[in-house]
Amino acid sequence: MSMLEVNRLSIAFCGLKAVDDFNIKIGKGRLYGLIGPNGAGKTTVFNLLTGVYQPDKGTILLDGANITGKRTIDICQAGIARTFQNIRLFKDLSVLDNVKVGLHNHYKYSTIAGVFRLPGYFKAEKEMDRRAMELLKVFDMEAFFNYKASNLPYGQQRKLEIARALATGPKLLLLDEPAAGMNPNETAELMETIRFVRDTFDMTILLIEHDMKLVSGICEELTVLNFGQVLCQGETSAVLHDPEVVKAYLGE
């Protein structure tokens, strides 16, 4: 069974079709890329997958379950997590607390327990601290647990955003231009991080990226979008050498 199967997904804004009959099928454990020129509709696809936008038509199946039209919080609980092109951390919170925010799917206590600091509150907070530290250790960031998120270097902020997404316990991780703003050394480290996440967490990953070195280096399959429509799909090397892809995206 595929981890993600999307059929005929479409949405229009003021009569302009931003995504038109979009289809994709991603097998479990695959590292898949979604590429295309600026304005092709890539982030709109992510917003449709995560419930930010409701599709005009089409279906979205996650691990066989229909999540079409569900709320963002329900889709997160079903197993999709994402990062953003512009990093969206709680910059005034600590590194540890940023990861704990992502644990909301798994640990809960009542408002009364929180206000009056009842035993249930301390038990849940202790367990969240433990789990958050485990995730930080995976990314070699445990030494920074008490730092403000805003004080981390850019590359470490990217890692923290991925760690927070993983804290939700996803089946499918969406990465929106994770290499944006990175220098070559940071990008190379990011490539290793993405591979590590896929292998360590047995994760299925779908990423949007413009850095062709990163795309060709880690993606096993690609879909190319152009003007909201699928231009080409398939194995990475074949797609990147397709004449229509070269013309529309890479340049003649």
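These are numbered notes on local features of a predicted model.

1. **Aromatic pairs.** The model holds two aromatic pairs. One joins phenylalanine 13 to tyrosine 53 in an edge-to-face arrangement. The ring centres are 5.2 Å apart, and the planes meet at 70°. This pair links distant parts of the chain. Phenylalanine 13 belongs to strand β1, residues 2-13. Tyrosine 53 lies in the loop between α1 (42-49) and β4 (57-62). The two residues are 40 apart in sequence. Neither ring belongs to a buried residue: phenylalanine 13 is partly exposed at 36% relative accessible area, and tyrosine 53 is partly exposed at 30%.

2. **The other pair.** Phenylalanine 144 and tyrosine 147 have ring centres 5.2 Å apart. Their planes stand at 80°, so this pair is edge-to-face. The cut-off for that label is over 60 degrees. Phenylalanine 144 is partly exposed, with 23% relative accessibility. Tyrosine 147 is also partly exposed, with 41%.

3. **A charge over a ring.** Arginine 88 lies over the face of phenylalanine 84. The distance to the ring centre is 4.1 Å. Phenylalanine 84 comes up again in the next point, as a residue of the pocket lining.

4. **The largest pocket.** Its volume is about 370 Å³. The lining has 17 residues. Those nearest the centre are Cys76, Ala81, Arg82, Phe84 and Thr168. Three elements, α2 (72-78), β6 (80-82) and α6, each supply at least two lining residues. The largest share comes from α2, with four residues. By character, the lining divides into nine nonpolar, five polar and three charged residues.

5. **Helix α1.** How enclosed is α1 by the rest of the structure? It is largely enclosed, because seven of its eight residues are buried. The buried residues are Lys42, Thr44, Val45, Phe46, Asn47, Leu48 and Leu49. Note that a lysine is on that list. After the helix comes glycine 51, with a positive phi near 85°.

6. **Positive phi outside glycine.** Two residues deserve a look. Arginine 8 has a positive phi near 55°, and it is not a glycine. Arginine 8 sits in strand β1, the strand that also holds phenylalanine 13. At 47% relative accessibility, arginine 8 is partly exposed. Aspartate 202 is not a glycine either, yet its phi is positive, about 50°. Aspartate 202 is in the loop between α7 (184-200) and β8 (204-208). With 64% relative accessibility, aspartate 202 is exposed.

7. **Cysteines.** How many disulfides does the count give? Zero. Take cysteine 232: the nearest cysteine sulfur belongs to cysteine 219 and is 14 Å away. A disulfide needs the sulfur atoms within 2.5 Å, and cysteine 232 is in none. Cysteine 232 is buried, at 13% relative accessible area. Cysteine 14, in contrast, is exposed, at 89%.

8. **Glycine 169 and glycine 102.** Glycine 169 is in the loop between α6 (154-167) and β7 (172-176). Glycine 169 is partly exposed, at 42% relative accessibility. What separates glycine 169 from glycine 102, in sequence and in space? The answer is 67 residues in sequence and 8.6 Å in space, C-alpha to C-alpha.

9. **Leucine 152 and valine 95.** Leucine 152 lies in the loop between α5 (119-138) and α6. Is this loop residue buried or exposed? Leucine 152 is buried, with a relative accessible area of 5%. The cut-off for buried is under 20%. Leucine 152 is 57 residues from valine 95 in sequence. In space the two are 8.7 Å apart, C-alpha to C-alpha.

Notes. Residues are numbered from 1 along each chain as its sequence is written. This is a predicted model: local features need pLDDT of at least 70, side-chain atom pairs count only at pLDDT 80 or more; totals for chains, interfaces and linings use all residues. Side-chain values use heavy atoms; hydrogens and water are left out. Rings of Phe, Tyr and Trp (its six-membered ring) pair if their centres lie within 6.5 Å; planes under 30 degrees apart count as stacked, over 60 as edge-to-face and the rest as tilted. Buried means under 20% relative accessible area, exposed over 50%, partly exposed in between (1.4 Å probe, protein chains only). A charge sits over a ring if NZ of Lys or CZ of Arg is within 6 Å of the ring centre and within 35 degrees of the ring normal. On a 1 Å grid over the protein atoms alone, a cavity is a set of points where a 1.4 Å probe fits but cannot get out, and a pocket is an open set with protein on both sides within 12 Å along at least five of seven lines; lining residues have an atom within 4 Å of a point. Grid points are joined across faces, edges and corners, and a volume is the space filled by probe spheres set on the points. Ala, Val, Leu, Ile, Met, Phe, Trp, Tyr, Cys and Pro count as nonpolar, Asp, Glu, Lys and Arg as charged, and the others, Gly among them, as polar.
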